[in-house]
Amino acid sequence: DLRYMDTVDGAVVLQHTLSTNQLMARICCFPLPTVAAISGHWCAAGGMMGLAFDFRVMSSEHGFFFVPGVDLGLVYAPMQTALMKAKLPASMHRDVILFNRRRWTAQDLVAKGCIDAAVPSGQVLSQSLELARELRSKGSGPARKALGGLKEGLYKEILLELSGGAGMGYPGRAKGVDRASPQT
């Protein structure tokens with residue numbers, strides 16, 4: 001939370017960023033299938049966290065995806081950029097990572113292949129659990145033994161950037177501002 005970060009020193013901010021990045025990398029490379037049930041907005045670090053999962057089910061009625069670093073004067077940590085590059089199609093890199101040009105709806109994200117299903121709000125959890133049940137066989141036996149290594153190979157750039165330990169940059173950030181101006 002940016003307002004919290006305004007109240008602590010730089011070492012605490014760096015540790016917070018590194019801990020968040022470690023959690024995202026752990027989810028990304030977790031040796032079982034992971035499914036995110038997204039019932040509302042997933043933006044900024046929450047947007048990146050959602051991308052860390054293998055599969056995403058999002059409400060078709062509520063919520064947007066966006067990562068507003070540029071509008072807040074932030075430069076993403078190298079690991080965060082690697083995560084977004086790995087999980088977003090190249091056609092979205094410019095609009096999401098660089099310019100935060102729009103608020104992406106579930107329908108937009110299905111069309112781009114960023115989420116696996118857009119369902120009414122009341123079905124997000126049940127559809128997520130159904131998808132998890134379908135993936136159950138990948139979480140046991142030989143598949144479970146292989147999945148972690150496969151993910152580590154696929155997402156090696158994320159892990160390499162994480163090992164570098166670099167945090168975010170704040171060259172244009174104004175203290176006390178924790179959200180970008182609204183856009184549609």
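Here are a few questions and answers about a predicted model of a protein chain.

Q: How many helices and strands does the protein chain have?
A: Let's start with the basic parts of this predicted model. Counting along the protein chain gives 10 helices and 5 strands.

Q: What is the radius of gyration of the protein chain?
A: For 184 residues, the globule rule gives 16 Å. The protein chain comes close to that, so it is as compact as a globular protein of that length. Its radius of gyration is 17 Å.

Q: How many disulfides are there?
A: A pair of cysteine sulfur atoms has to be within 2.5 Å to count. Cys43 is in no disulfide, as the nearest cysteine sulfur, in Cys114, is 15 Å away. For Cys114, the closest cysteine sulfur is in Cys28, and at 14 Å that's too far for a bond. The count comes to 0 disulfides.

Q: Is Cys114 buried or exposed?
A: A residue counts as buried when its relative accessible area is under 20%. Cys43, at 28% relative accessibility, is partly exposed. Cys114 has a relative accessibility of 1%, so Cys114 is buried.

Q: Which residues is Gln80 in contact with, leaving aside neighbours within four places in sequence?
A: Gln80 sits in helix H5, which covers residues 78–87. With a relative accessible area of 3%, Gln80 is buried. Leaving aside those neighbours, its contacts are Thr17, Asn21, Met24, Met48 and Met168.

Methods. Residues are numbered from 1 along each chain as its sequence is written. This is a predicted model: local features need pLDDT of at least 70, side-chain atom pairs count only at pLDDT 80 or more; totals for chains, interfaces and linings use all residues. Side-chain values use heavy atoms; hydrogens and water are left out. Buried means under 20% relative accessible area, exposed over 50%, partly exposed in between (1.4 Å probe, protein chains only). Helices (H or I, at least four residues) and strands (E, at least two) are DSSP runs, numbered from the N terminus. Contact means heavy atoms within 4.5 Å. The radius of gyration is taken over C-alpha atoms; the globule rule is 2.2 Å times the number of residues to the power 0.38.
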